[in-house]
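Work through the exercises below with the sequence and the model at hand. Each task is followed by a solution in steps.

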Amino acid sequence: MPFDLSSALAAREAAGLKRQRICLDSGQGRQIRVADRSYLNFSGNDYLGAAGRPELVQAWQAGLALWGAGSGASPLVTGYSLPHARLEAQLCDWLGVEAALLFSTGFAANQAVIKALLGKDHLQWQDRLNHASLQEAGAASPARMKRFAHNDMTQLRQLLEPKRGLIISEGVFSMDGDQAPLAELVALSQASGNWLMIDDAHGLGVLGAAGRGSLAQQGVAAGQVQILMGTFGKALGCAGAFVAGSRDLVDYLANFAREYVYSTHLPPAQAEAISAAIAWVQQADGAREQLQAHIALFRQGAARLGLTLGDSQTAIQPLLVGESEQALALAQRLRQRGLWVTAIRPPTVPAGQARLRLTLTAAHRREDIVHLLAALEEGWHGR
Ligand SMILES: *Cc1c(COP(=O)(O)O)cnc(C)c1O
């Protein structure tokens, strides 16, 4: 046999790292149902509670009636239609970018950018905690990857070489919830003559005026970042992604990015739903305020309990536990109390840094946060 799958799986199992998919029998929301039991959901990325909103569902339904189920082809063939063009224009207006290009997933968008742009004579500088999709793409590209310690601008400055390539960071880090120092990244990219790419999967919709994301929140103009990537599967409650930047960047990717050229375009009805999601998110200040209030309440409560949280002011609140088994056991105890939380283990995070990745959303109620804190207090001391 050329592939020994069972021993790879057995080794993972023995290390306490085997993954199991959980099948929900409900949609996304404040509560989810699993195996006939209801849980308060502290695991999803639907930070504003957008996924279940009637505006989005109705826009998707109306889009289906008008445009059919699928896009029928890749975007350079006949898969690009008015809903896609309108969504791209809407992204430009919302984010103040010159042009935008749609992808079916954020994973594909990151692969597309990094693999289409970087050649063997380029360099790339990536934050060590960058998402797997960025690091995978970087490893697959012929350009040498220089990884800098998380948010360590001093080390990045030392590693930079003038005019050699691309600095890549997230706006909000997906497992830690902390934020990149964007103004410093911009300054380093300008001083060194390198481009800057920001993946704002977890900032878009949640942070900044009108939910414009991490750049707006940190006072960085969109034009100072050559490549902005965002996803529609998190705060926007749908699925899909975009890459935004100059008109040349978008034209280049539409010509050279294989993930774009050789893949069926996302359904036009989905583009209609995403457009409705953006329209809703732009004016969802109430939801953003609600979320911030939950974050503040949770962090104050956790500090009182002496729990070790990461340094995060965002919806992603990591509770650092240490070993995988302990994180799993704590998640299990919370489940028994009706709370759904996810233990994040290596290789997703470094060894010894297993954690509960708790996510708060605007759909939660104040009493849910109080309930979470009480359950954590009990669960933690039962360790
Ligand atoms: C989720 C995520 C992606 C991938 O986006 P999908 O649309 O889920 O494929 C990329 N980057 C970051 C930082 C993410 O959190």
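The exercises treat the ligand site, the nonpolar core and selected backbone features.

The model is predicted: local features need pLDDT of at least 70, side-chain atom pairs count only at pLDDT 80 or more, and totals for chains, interfaces and linings use all residues. Residues are numbered from 1 along each chain as its sequence is written, and side-chain values use heavy atoms, with hydrogens and water left out.

**Exercise 1.** Describe the shell around the ligand and the polar contacts made there.

*Solution.* Step 1: a residue is near the ligand if one of its heavy atoms lies within 4 Å of it. There are 14 residues around the ligand, and Gly106, Phe107, Asp199, His202 and Lys234 come nearest.

Step 2: sort the shell by class. It holds 3 nonpolar, 8 polar and 3 charged residues; Asp, Glu, Lys and Arg count as charged, Ala, Val, Leu, Ile, Met, Phe, Trp, Tyr, Cys and Pro as nonpolar, and the others, Gly among them, as polar.

Step 3: assign the shell to elements, where helices (H or I, at least four residues) and strands (E, at least two) are DSSP runs numbered from the N terminus. Helix H4 (106-117) and strand E8 (227-231) each supply at least two shell residues, and H4 gives the largest share, 3 residues.

Step 4: look for polar contacts, that is, pairs of N or O atoms within 3.5 Å. Polar backbone atoms of glycine 106 and phenylalanine 107 lie 2.7 Å and 2.9 Å, respectively, from an oxygen atom of the ligand. For histidine 202, a polar side-chain atom is 2.5 Å from a ligand oxygen.

**Exercise 2.** Where does the largest nonpolar core lie with respect to the two domains?

*Solution.* Step 1: such a core is a set of buried (under 20% relative accessible area, 1.4 Å probe, protein chains only) Ala, Val, Leu, Ile, Met, Phe, Trp, Tyr and Cys residues joined through side-chain atoms within 4.5 Å. Of its 84 residues, Leu91 and Leu356 touch the most other members.

Step 2: helix H11 (residues 268-282) contributes the largest share, 7 residues.

Step 3: the core lies between domain 1 (24-48 + 285-381) and domain 2 (54-282), because both give residues to it. The domain bounds come from an automatic or database domain assignment.

**Exercise 3.** Which peptide bond is cis, with omega near 5°? Locate it.

*Solution.* Step 1: the bond runs from proline 346 to proline 347.

Step 2: proline 347 sits in the loop between strand E12 (342-344) and strand E13 (354-359).

Key. Polar contact = N/O pair within 3.5 Å; in protein donor to acceptor, adjacent residues only side chain to side chain. Buried < 20%, exposed > 50% of the residue type's maximum accessible area, 1.4 Å probe, protein only.
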